[in-house]
Amino acid sequence: MDYEEFLTIVRTAAATDRESAERGTKATLLTLAERLTRGEARDLVAELPSELGPYLHTDGHPDPYDVEEFIKRTAKRMGTDEETAQRYAAVVLDALRRAISAKAYHDVTSLLPHTFAELLPAGPWVEFMPADEFVRRVSVRADVDEEEAARTTEVVLELLGERIASGQVDDLIEHLDAPRRPPLRRGKQQNTTGRAHPMPLDEFLEAIAKRLDVDFVEARGRGRAVFPTLREAVGDKEFTDTTSELPPSYDLLWIDPAPVEHPRRKHSTSRRGSEA
């Protein structure tokens, strides 16, 4: 993987521009380097594009900070808030996973405490749909560009996170690539009771329309783009468990009107740091 490909992964998954992708990459890797010895950093640099090497320079004295501190330091380096920094860090760490060998990724994540799992791809060895592929499929189904597809995905998943039980949100997150998780977490935070709060389909679609500033018909089309893609990403069983908490009228949203060609049938696998 070359430098431009690495940045493209970050830019696409974060739905951002090249400058912001570079800033997020630099901040995340500089912060990660503070947890590494010189030998660990050297092994990592050997598998990465040369342009990323300077970001992983370390004085050789690892600082065993936790995930909250990781996010704070990344936010400070980016000059942004912690929620944004967390989103970028998850995207960059996923790009890192794709850029290096499974062994190298395992060696790095094994150094991290289990609390870092929220920033890393889920599961001990799981198949999942890459975040940029999720957005691509939504883009095709909704007939919008990928930036708008990413925004649509964020809105629909956040609304879903507000409606279903907190435990089901956690289960769903475990089946999604890291950059697709933050909106579900935000929705979960809005659900103060932790129980399912299904709303009529029309109200759900009106909420989509309001947050995306589109009309009702367009909102329905956006929902019908995200839900079939979610089903493909998490599998039938998890999707059924999730949608069983919604009224039957929602079935309209996952009758796929536009099947999408899937050029990347074989998804990447990864190991969560907490399992190491």
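In this predicted model, helix H2 (residues 18-33) and helix H5 (residues 82-99) meet with their axes coming within 9 Å and crossing at roughly 80°. Angles of 65 to 115 degrees count as roughly perpendicular, and H2 and H5 are therefore roughly perpendicular to each other. On the H2 side, the contact is built from Ser20, Ala21, Gly24, Thr25, Thr28, Leu29 and Leu32; H5 contributes Tyr88, Ala89, Val92, Leu93 and Leu96. Sorted by class, these residues comprise eight nonpolar and four polar ones, with no charged residue in the contact of H2 with H5.

A second helix pair can be read in the same way. The axes of helix H9 (residues 166-173) and helix H10 (residues 182-190) come within 10 Å and cross at roughly 175°. Because angles over 145 degrees count as roughly antiparallel, H9 is described as roughly antiparallel to H10. Ser166, Val169, Asp170, Leu172 and Ile173 of H9 make this contact with Leu184, Arg185 and Lys188 of H10. Here the classes divide into four nonpolar, one polar and three charged residues.

Helix H12 (residues 216-234) offers a friendly check on helix geometry. With 19 residues at 1.5 Å a residue, H12 should span 27 Å, and its end C-alpha atoms are indeed 27 Å apart, so the two values agree. At the N-terminal end, Asp215 acts as a cap: one of its side-chain oxygens lies 3.3 Å from the backbone nitrogen of Val217. Just after H12, Gly235 takes a positive phi of about 95°.

Which residues of H12 are buried? They are Ala219, Arg222, Gly223, Ala225, Val226, Phe227, Pro228, Thr229, Leu230, Ala233 and Val234. Their cover includes helix H7 (131-142), H8, H9, helix H11 (201-212) and helix H13 (236-243). Helix H9, seen above in contact with H10, thus appears again among the elements that cover H12.

Helix H8 (residues 146-163), another part of that cover, contains Glu146. Is Glu146 buried, partly exposed or exposed? Its relative accessibility is 35%, so Glu146 counts as partly exposed. Leaving aside residues up to four places away in sequence, Glu146 touches Thr12, Val135, Arg136 and Ser139. One of these partners, Arg136, is 10 residues from Glu146 along the chain, and the C-alpha atoms of the two are separated by 6.3 Å.

Conventions
Residues numbered from 1 in each chain as written. Predicted model: local features only at pLDDT ≥ 70, side-chain atom pairs only at ≥ 80, totals over all residues. Heavy atoms only, no water. Axes fitted to C-alpha atoms, helices over the stretch in contact; angles between N-to-C directions. Helix = DSSP H or I, 4+ residues; strand = E, 2+ residues; numbered from the N terminus. Parallel < 35°, antiparallel > 145°, perpendicular 65-115°, else oblique. Contact = heavy atoms within 4.5 Å. Nonpolar A, V, L, I, M, F, W, Y, C, P; charged D, E, K, R; others polar. Buried < 20%, exposed > 50% of the residue type's maximum accessible area, 1.4 Å probe, protein only. Expected span 1.5 Å × (residues − 1). Polar contact = N/O pair within 3.5 Å; in protein donor to acceptor, adjacent residues only side chain to side chain.
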